[in-house]
Amino acid sequence: PNPNLFFLRVSFGGLVHLLSCQMASISLRPPPSASYSASSSSSLFSCRAFASPSFFRNDHPRIFASNAVIKCDMSDPLKSPNGKPTVPIINEQTLPKFLDSKPLENMVSRKLTKLRLFSGSANPSLSQEIAWCMGLELGKINIKRFADGEIYVQLQESVRGCDVYLVQPTCTPANENLMELLVMIDACRRASAKTITAVIPYFGYARADRKAKPFVGLELKYVNQSSQTQGRESIAAKLVANLITEAGAHRVVACDLHSGQSMGYFDIPVDPVRCQSVILDYLASKKIASNDLVVVSPDVGGVARARAFAKKLSDAPLAIVDKRRHGHNVAEVMNLIGDVKGKVAIMVDDMIDTAGTISKGAALLHQEGARDVYACCTHAVLSPPAIERLSGGLFQEVIVTNTIPLKEKNDFPQLTVLSVANLLGETIWRVHGDCSVSSIFL
């Protein structure tokens, strides 16, 4: 063996990692592209910030051993009804066959990297996709529930001195998945992991990020009982951030937090992943004339998000739906600020829960003369009766991502699910290689 041989990997940021290894002389070449795309702008694994929809850019290739050949079983391909890209729907925790390909373990030798990727039970399909995009194999972990509901986690491989990444959204059931994440972090800490990064595609409790403003200057008889007690509530987002930090996490990677201030609740670094680039890439494939577009914020609180989205979407005009909320999950649309007559309205939000806000906003847009209405969000929570509202004919298409697993019962014809696996995979590589993450979204 030649002791002076080095394994090279060139990251997107131009950083060259030199990892010494004891191995025979081999030739190096970049791996074949591993993406599935109907078009260059509507790829499941595309990101607007990349020059190519493929995960491996040609101008800064990662270099792998010559025997690193991707062989995927395509007998169970991705669904593409009506030409729309969708990701597989989770049905009893099953995975499509091409994501379970064993030869992928040869893409990046586990002996040549200290990166370890583990999946919780909340969204195993997304975790497997991320591993597939990164050329890694998911780490072996045993997660089970005892008869009384307690969670048991055991790592089935060594992580001593490794940089561990735990993929676990805190979606429904939120408390179960959150507790599972905390136990996973604790297991890695006690197994002497060098660093622990919690990759949280959907951060539950993010909406409980402040105390609601009390009504000032109104007579008591005009304020309902719920409004009188608005100041006496918890800020659960901060509590959850403390739990994750105290459990032993060193860093958090989160997709489209409900509000920017949530990052400040953590006493550890937080890398925000903006999934709007995936949705923008898909909308670009529809070739809608820029002068026909208008971006709509479903409420006043989402104006900044909608403005940023509109700026990247050919600097489209902005409209705002003004609503007044009378209670949790209950919304009442009041009026529309802006012109949507004869235009294609793109409603943008970070999540869709019961779809009350966005569906009433869509009804108002149709009343004001909008030609078509599209709903775009990152997190498809879809609590009842969201499916009935979204599939009722108000929307031309509902575009979401797979940060939350989609159950088969929640599927409907207008729904399009885009994958953020490539985006998260590149973010993990950059964090691991100490490269810039924000430059992905420039």
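This passage describes the fold, the helix packing and selected local features of a predicted model.

The protein has 9 helices and 18 strands. Of its 442 residues, 52% are buried. Contacts with a sequence separation of 6 or more are dominated by distant pairs: residues 24 or more positions apart account for 68% of them.

One open sheet contains 5 strands. Their order is β5-β8-β9-β10-β11, and the pairing is parallel. The edges are formed by β5 (115–119) and β11 (270–273). Each edge strand has a single partner, so one side of each lacks a neighbour in the sheet. From one strand to the next, the twist averages 20°. Within this sheet, strand β9 (residues 195–200) and strand β10 (residues 251–255) run parallel and are joined by 4 bridges. I200 has A254 of β10 as its bridge partner.

Helix α1 lies across β5 and β8 (163–167). The helix runs at about 155° to β5. By the angular criterion, values over 145 degrees count as roughly antiparallel. Burial of α1 is complete at the residue level: 11 of its 11 residues are buried, so the helix is largely enclosed by the rest of the structure. The buried set comprises P124, S125, L126, S127, Q128, E129, I130, A131, W132, C133 and M134. These buried residues pack against β5, β8 and α9. Just after the helix, G135 adopts a positive phi of about 75°.

The packing of α1 with α9 was examined next. Two packed helices are described by the angle between their axes and the distance between the axes. For α1 (residues 124–134) and α9 (residues 421–432), the angle is about 60° and the axes are 8 Å apart. The two helices are therefore oblique to each other. The crossing of α1 past α9 is right-handed. On the α1 side, the contact is made by L126, E129, I130, C133 and M134. On the α9 side, A421, N422, L424, G425, I428 and W429 take part. The contact residues of the two helices divide into 8 nonpolar, 2 polar and 1 charged. An α-helix has 3.6 residues a turn, so residues three or four places apart point the same way.

Strand β18 (residues 415–418) is covered on both faces. In a regular strand the side chains alternate between the two faces of the sheet. L415 and V417 are buried on one side of β18, and T416 and L418 are buried on the other. Strand β17 (residues 397–401) runs parallel to β18, and 4 bridges join the two. One bridge pairs I399 with T416 of β18.

In the loop between β10 and β11 lies D256. Its relative accessibility is 15%, so D256 counts as buried. D256 and C275 are 19 residues apart in sequence, yet their C-alpha atoms are 6.6 Å apart in space. Neighbours within four places in sequence aside, D256 contacts V273, R274, C275, Q276, D350, T378 and H379.

Two cis peptide bonds can be described. One runs from T172 to P173, with omega near -5°. P173 sits in the loop between β8 and α2 (174–190). Another joins P384 and P385, with omega of about 5°. P385 belongs to the loop between β16 (372–380) and α8 (386–390).

Positive phi values also occur at residues other than glycine. A355 has phi near 65°. This residue is in the loop between β15 (344–352) and α7 (356–367). A355 has a relative accessibility of 4% and therefore counts as buried. D434, likewise not a glycine, has a positive phi of about 55°. The position of D434 is in the segment after α9. At 72% relative accessibility, D434 counts as exposed.

How values were computed:
Residues are numbered from 1 along each chain as its sequence is written. This is a predicted model: local features need pLDDT of at least 70, side-chain atom pairs count only at pLDDT 80 or more; totals for chains, interfaces and linings use all residues. Side-chain values use heavy atoms; hydrogens and water are left out. Axes are lines fitted to C-alpha atoms, for helices over the stretch in contact, and angles run from 0 to 180 degrees between N-to-C directions. Angles under 35 degrees count as roughly parallel, over 145 as roughly antiparallel, 65 to 115 as roughly perpendicular and the rest as oblique. A crossing is left-handed if the near helix is turned anticlockwise from the far one by less than a right angle, and right-handed if clockwise. Contact means heavy atoms within 4.5 Å. Ala, Val, Leu, Ile, Met, Phe, Trp, Tyr, Cys and Pro count as nonpolar, Asp, Glu, Lys and Arg as charged, and the others, Gly among them, as polar. Two strands pair if DSSP finds at least two bridges between them. Buried means under 20% relative accessible area, exposed over 50%, partly exposed in between (1.4 Å probe, protein chains only).
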